[in-house]
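Q: Could you walk me through this model, with the sheet as a starting point and the side chains after that?

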Amino acid sequence: MLRPATRFSVLRSTAFVLLLGGLIGGQLQGEEPADVKKFARIKVGDKTTFALVEGDQVREIKGNLFREWEPTATVHALSDVTLLVPTQPRHVFAMAGNYKSHLKGEEIPEKFRIPQPFFKSPSSLLRHEGVIRIPPGDENVHYEAEMVVVIGKRAKNVPEDKAMDYVFGITCGNDVSARTWQNDPETKDVQWWRGKGSDTFGPCGPYIVQGVDPSDLQMTLRLNGEVKQQESTKQLLHDVPSTISFISQHVTLLPGDLIFTGTPGKTGVMKPGDVVEVEIENVGVLKNKVAKKGQRVGGKKGKSRRN
């Protein structure tokens, strides 16, 4: 039997080895991976540009974010800039029924055994801290927490095993959905054009994050501080590579395009005055207020400051 002092020495040595192993592995539990880069699209005065996020500051970059770029010497406090929608995409896709927990029943319906993407309008996009507007005619408007993929280069007929080469990064999203227009058996629209694509129905941001593996990230949605959705992206029925590959067989994806990858579990109604947050592990927190169309928020009437 080991003496108490010897046992303590062994435990201390074991702890040191575990700590060292974590450092050699490049990441301790709960820490952000060392090679993570965060980008933001910002507005400073009348200027709109991309920037690197460096703690509580942002550093402007010059060049093309999706080709060649370099950091500049121009730095701003994060609190002094407006964070915009992370890109200006040509295409915005979203995935229907991409978590088993969001589907009804124990079996996955046949139609959801292949990816089911749909279009959201680019004009639906809303920046971090912009205002989600409840439209006249459908007050049954739900939140949907989603991981959003940002495409980094032109993608056409991409094989699944090469698909991650086309990912620039990921961000947080909320696929806001007007359920009456989308699902009401008597009055629903033929297409989801306004049920999913109305102005302000696509909040995303605040950053584009590189260096984070999208295959197993904890995603949480809070409504007025209360957790309403929480699940890992490892539960996606169709992961990021298979989704990109499938879409690219039919529609050419372009740099800056966005893919909302689906929502887990049950969703619920948002009402004027609510605050909704989508948080993704190692990515950030997307925060938006909710108001009726035309309602004053922060002293401004009917302005959502979308882009």
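**Sheet, cores and charged pairs**

A: In this predicted model, S9 and strand S19 (residues 284-292) pair in the parallel sense, and four bridges connect them.

Q: Which residue stands opposite Ala291 in S19?
A: Opposite Ala291 in S19 stands Arg133.

Q: And what is the strand order of the open sheet?
A: The order is S9-S19-S18-S15-S16, an open sheet of five strands in which the pairing is mixed.

Q: Which strands stand at the edges?
A: The edges are taken by strand S9 (131-134) and strand S16 (226-232); each has a single partner strand, so one side of each is left without a neighbour in the sheet. On average, with direction ignored, neighbouring strands of this sheet are turned by 20 degrees against each other.

Q: OK, on to salt bridges, how many are there?
A: Searching the whole structure gives 13 salt bridges. One of them is between the side chains of Glu279 and Arg222, with an N to O distance of 2.9 Å. That pair links distant parts of the chain, since Glu279 belongs to strand S18 (residues 275-280) and Arg222 to strand S15 (residues 218-223), 57 residues apart.

Q: Are Glu279 and Arg222 buried or exposed?
A: Glu279 counts as partly exposed at 32% relative accessibility, whereas Arg222, at 17%, counts as buried.

Q: Which residues are joined into one network by shared partners?
A: Lys120, Glu144, Asp175, Arg179 and Lys196 are joined in this way, through salt bridges that share partners.

Q: What does Arg113 pair with?
A: Arg113 forms a salt bridge with Glu110, where the closest N and O atoms are 3.3 Å apart, and its side chain also meets that of Glu107 in a salt bridge at 3.9 Å, N to O.

Q: How exposed are Glu107, Glu110 and Arg113?
A: Glu107 is exposed, its relative accessible area being 61%, and Glu110 is exposed as well, at 59%. Arg113 has 46% relative accessibility and counts as partly exposed.

Q: Changing topic, how many disulfides are there?
A: The count is zero disulfides. Cys172 is in no disulfide, and the nearest cysteine sulfur, which belongs to Cys204, lies 9.5 Å away; because a disulfide requires sulfur atoms within 2.5 Å, this pair does not qualify. Seen from the other side, Cys204 is likewise in no disulfide, with the sulfur of Cys172 as its nearest cysteine sulfur.

Q: Are Cys172 and Cys204 buried or exposed?
A: Cys172 counts as buried at 0% relative accessibility, and Cys204 is buried too, with a relative accessible area of 0%.

Q: Last topic, the interior: how many residues does the largest nonpolar core have?
A: The largest nonpolar core has 51 residues, and those with the most contacts inside it are Val149, Ile244, Leu253, Ile259, Met270 and Val276. Strand S11 (residues 145-151) supplies the largest share of this core, four residues.

Q: And which residues does Val149 touch?
A: Leaving aside residues up to four places away in sequence, Val149 touches Val167, Gly169, Ile170, Val240, Ile244, Asp257, Leu258, Ile259 and Thr261. Of the residues just named, Ile244 and Ile259 are also among those with the most contacts inside the largest core.

Q: What lies apart from that core?
A: Another core lies apart from it, made of 20 residues that include Phe112, Val148, Val150 and Phe260.

How values were computed
Residues are numbered from 1 along each chain as its sequence is written. This is a predicted model: local features need pLDDT of at least 70, side-chain atom pairs count only at pLDDT 80 or more; totals for chains, interfaces and linings use all residues. Side-chain values use heavy atoms; hydrogens and water are left out. A salt bridge is a side-chain nitrogen of Lys or Arg within 4 Å of a carboxyl oxygen of Asp or Glu. Buried means under 20% relative accessible area, exposed over 50%, partly exposed in between (1.4 Å probe, protein chains only). Helices (H or I, at least four residues) and strands (E, at least two) are DSSP runs, numbered from the N terminus. Two strands pair if DSSP finds at least two bridges between them. Axes are lines fitted to C-alpha atoms, for helices over the stretch in contact, and angles run from 0 to 180 degrees between N-to-C directions. A nonpolar core is a set of buried Ala, Val, Leu, Ile, Met, Phe, Trp, Tyr and Cys residues joined through side-chain atoms within 4.5 Å. Contact means heavy atoms within 4.5 Å.
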